[in-house]
Amino acid sequence: MIATNPVDVLQALIRCPSVTPAEGGALTALQRFLEPLGFKVSRVMAHEDGTPDIENLYARLGTDGPHLMFAGHTDVVPVGNEVAWSHPPFAAEISDGMLYGRGAVDMKGGIACFIAALARLVEEKGAPKGSVSLLITGDEEGPAINGTTKLLEWATAQGERWDACLVGEPTNPDQLGDMVKIGRRGSISGTVTVHGVQGHAAYPHLADNPVRGAIKLAEALMHPPFDHGTDNFQPSNLEVTSIDVDNTATNVIPASAVFKFNIRFNDTWSAESLQTEILRRLDAAAADTTLRPGREPIRYDIVWSERPSQVFLTRNNALIASLSDAIEKVTGATPQLSTTGGTSDARFIKDYCPVVEFGLVGQTMHMVDERVAVEDLETLTRIYRTFIEQWFANAIA
Ligand SMILES: [Zn+2]
């Protein structure tokens, strides 16, 4: 079957219940659409102790350069309260012009549109002069350990190299054509433990209340601002996300206080320079005894969580222009070039080739009644098709 209708492809994908880490038949469905188009398809299992095994898919059409990659994921988040859905989450029913189902916008819909776009191109004009690859993971909504990073390493070991990448995540806040993501802020989390001396609330001189120190240190991270934003990014922002002493008594001074924070940072910083700045602020605040007159400096330690996500900005003008022009041609709208929002798998891909992100309207992602307008599927398919042709024309010129 030549998959020129994105609705057919999306319905087939939604009907595979691929809640992370389950493959759910989604990659097999994908393979059935890709092979008739001439793709060479590889299914790649990834293992890591302590995490579920994940199956991923890499498919390539063509053998020569230039080489365009489309990246995405077929795994989906759980359905939540299934009875609250107005259409069953894996039935892919259409009602009033909307296609319902988990993954409709995040992001089986984006994959379906890309396949349909390519199928139309192959049917009408033949395969592009160069190569197109799909890098599809089953681990984007999970720990993201056995997904995009491992698949990129696997493909690179096979000799694969790419010139540009489009990620099909939902990027539009309200309407198709609103927003292209050309970068992402970085993210770092940490846990600070302030050590005190437990004691009786009526005899504070015999104790050392760690809450006083925790307030001081937390304030030092929240003020002053880390920066005021840059040309392409909003200001870096730190949120204290938890303060905890684990104390049920009102007459006991606790022994320690713990707070957690997360900072989303712009290209003023690298993860490393920002960690240095955070430590500088904490050390300076620890020496400030305003809240604890006559005491020794605050004793604290800090643990950084997970791997930090680095900030990145794509500067490949041909790639950005090919996408913006395609959006403008099809919708008449000029998309905003943005770096807002959370992290995405683009943060891994940027180490291999320039990457931009554009997909469906994100409003219902992860929600009950996730759905996409059938009309948007057709429009996105036309945008992707125009983009593919434009990108190859630019790359070959
Ligand atoms: Zn997604």
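**Reading strand 6 and the zinc site**

Me: Which residue stands opposite Ser-133 in strand 6?
Reply: Arg-60 stands opposite Ser-133 there. Keep in mind that this is a predicted model.

Me: Thanks! In which sense do strand 2 and strand 6 pair?
Reply: Strand 2, residues 54–61, pairs with strand 6 in the antiparallel sense, over five bridges.

Me: And in which sense do strand 3 and strand 6 pair, parallel or antiparallel?
Reply: That pairing is parallel, with seven bridges between strand 6 and strand 3 (residues 67–73). One bridge to look for joins Phe-70 to its partner Leu-134 in strand 6.

Me: How do I read where the side chains of strand 6 point?
Reply: Start with the general idea: in a regular strand, side chains alternate between the two faces of the sheet. Here, Ser-131, Ser-133, Leu-135 and Thr-137 point one way, while Val-132, Leu-134 and Ile-136 point the other way.

Me: Are the residues of strand 6 buried or exposed?
Reply: Seven of the seven residues in strand 6 (131–137) are buried, so the strand is mostly covered.

Me: Now the metal: which residues coordinate the zinc ion?
Reply: His-73 donates through NE2, Asp-106 through OD, and Glu-169 appears twice through OE, at 1.8 to 2.7 Å. His-73 lies in strand 3 and Glu-169 in the loop between strands 7 and 8, so this pair, 96 residues apart, links distant parts of the chain. Both His-73 and Glu-169 are buried.

Me: Why is the arrangement around the zinc ion irregular?
Reply: For four tetrahedral donors, the ideal angle is 109.5 degrees. The four donor atoms here subtend angles of 52 to 146°, which makes the arrangement irregular.

Definitions and conventions
Residues are numbered from 1 along each chain as its sequence is written. This is a predicted model: local features need pLDDT of at least 70, side-chain atom pairs count only at pLDDT 80 or more; totals for chains, interfaces and linings use all residues. Side-chain values use heavy atoms; hydrogens and water are left out. Buried means under 20% relative accessible area, exposed over 50%, partly exposed in between (1.4 Å probe, protein chains only). Helices (H or I, at least four residues) and strands (E, at least two) are DSSP runs, numbered from the N terminus. Two strands pair if DSSP finds at least two bridges between them. Donors are N, O and S atoms within 2.8 Å of the metal (3.2 Å for Na, K and Ca); water is not among the atoms, so sites may look incomplete. Four donors count as tetrahedral if all angles lie between 85 and 135 degrees; four count as square planar and six as octahedral if opposite donors are over 155 degrees apart and all others between 65 and 115; anything else is irregular.
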